[in-house]
Amino acid sequence: MMGVIEDICKVLPDVIGMIVPIWVAVVFGVLVGWLWRPKWARSAIKNLAIPTKSSFVASSEPSTIVCSEISDTSSSSKLDGEMKNFVGEEDLKHISKLVNETDGGPAWIGMMDKSTSNMSYQAWRRDPETGPPQYRSRTVYEDMSPEMMRDFFWDDEFRLKWDDMLLEAETIEECPNDGTMVVKWVRKFPFFCSDREYIIGRRIWESGKAYYCVTKGVQYPSVPRRTKPRRVDLYYSSWLIRAVESRKGDGQMSACEVLLFHHEDMGIPWEIAKLGVRQGMWGAVKKVDRGLRRYQKHMASGAPLSHCAYMAHINSKICTDRLKQLENTSNDSQEIVTCEQTVNDEKKPSGKNIPKLLVVGGAIALACTIDRGLLSKAVILGVARRFAKVGRRL
């Protein structure tokens, strides 16, 4: 009997060591979720029901993909005047300044430098005084033309085939004169957050063989807000696409360079969002590359252009001198306003000065709930432990 008791005493610390982190994750996950989205928490409690076996089976199945195109009754003609205000020369000037690092923002901090046999990738981040973290990346794709890259980014119909985070993509309105579009996206988020809805204005300028592709969140009152999915107002994601020399050393301009500038306020504390971006970045980049190569083969097979890709061919031409003239004009602020905040029903969480306890709890919650391979659980927990030390910053 004494031997059994001794064995139990030896095993007990290990059992406790396994159980305690699980309970800590549950408590912190509930706490963080409650503080982030109190309306969501109240709604969840109100509608709480005991899940059945069939509900678990249904939740494990792939989400239904929806892609809507504008109908014949859409009044795209009225956009000739209206949509030019959504995405205009101020946006072109802004991305041009970002490309040449003359926008007056803080210095970029290197995050990543990786490559594969047919692609190289570099990424930087900076934290402005106000607003969410901003990201800059440079990707060079071998054996790729700028035109193919441009069409790929614009092709929402094909994106639904390779981007499993995109649930819905709908063209709301478009301008046949300059190619400006307003689209609605719904993106999938981990289950402790509701999915996110984006109303995006986008337009392309061509300068020589370089394409300036601007996409940003815009106000669109005719699309009402819903409790779910949650609307993301502050969103900016724009590219410069151009041909560059291949790293094969043959002197051919057969590679395509993509400079991407991205930031958004997803309604998640920014320090926690940075954990997800940092750990999921390389996996996301490789997923884009796989989708791009599928698209390349798809178009090589003789498949027709989708409507969205066709709209990428309607763009505004701008000469180099005019582009330089725009860039040399001063900005009233360091960052162009992408969408005026009008949400009154829920307060956006601040990304700075959040208690360390909540960041650690959020990191643990992420590690214990995300199971799709986007984030590395071990790394998140490691970062959380390091963050808990006094004086450490992410």
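This report describes a predicted protein model, first as a whole and then through one helix and one strand.

## Overall picture

The protein has 394 residues, and 46% of them count as buried. Its secondary structure comes to 12 helices and 12 strands.

The accessible surface of the protein is about 20,700 Å². Carbon and sulfur atoms account for 57% of that surface. Contacts in the protein can also be sorted by separation along the sequence. Among those between residues at least 6 apart, 69% join residues at least 24 apart.

## Helix 6 and its surroundings

Helix 6 covers residues 146-154. Seven of its nine residues are buried, so helix 6 is largely enclosed by the rest of the structure. The buried residues are P146, M149, R150, D151, F152, F153 and W154.

## Where helix 6 meets helix 8

Helix 8 covers residues 270-300, and its axis comes within 10 Å of the axis of helix 6. The two axes cross at roughly 110 degrees. Angles of 65 to 115 degrees count as roughly perpendicular, and helix 6 and helix 8 are therefore described as roughly perpendicular to each other.

On the helix 6 side, the contact is made by M148, M149, D151 and F152. On the helix 8 side, it is made by V288, G291, L292, Y295, Q296 and M299. The residues of this contact divide into seven nonpolar, two polar and one charged. Of the helix 6 residues in the contact, M149, D151 and F152 are also buried.

## Strand 8: a covered strand

Strand 8 covers residues 210-217, and eight of its eight residues are buried. In a regular strand the side chains alternate between the two faces of the sheet. In strand 8, A210, Y212, V214 and K216 point one way. Y211, C213, T215 and G217 point the other way. Residues of both sets are buried.

## The partners of strand 8

Strand 8 pairs with strand 7, residues 196-207, in the antiparallel sense over eight bridges. Within this pairing, I204 stands opposite C213 in strand 8. Strand 7 and strand 8 form a hairpin with two residues between them. One residue in the turn, G208, has a positive phi of about 70 degrees.

Strand 8 is also joined to strand 10, residues 235-244, by six bridges. Strand 8 and strand 10 run antiparallel. Here K216 stands opposite Y236 in strand 10. Strand 8 therefore has antiparallel pairings with both strand 7 and strand 10, since two strands pair if at least two bridges are found between them.

Terms used:
Residues numbered from 1 in each chain as written. Predicted model: local features only at pLDDT ≥ 70, side-chain atom pairs only at ≥ 80, totals over all residues. Heavy atoms only, no water. Axes fitted to C-alpha atoms, helices over the stretch in contact; angles between N-to-C directions. Helix = DSSP H or I, 4+ residues; strand = E, 2+ residues; numbered from the N terminus. Parallel < 35°, antiparallel > 145°, perpendicular 65-115°, else oblique. Contact = heavy atoms within 4.5 Å. Nonpolar A, V, L, I, M, F, W, Y, C, P; charged D, E, K, R; others polar. Buried < 20%, exposed > 50% of the residue type's maximum accessible area, 1.4 Å probe, protein only. Areas by Shrake-Rupley, 256 points an atom, 1.4 Å probe, with all protein chains shown as cover.
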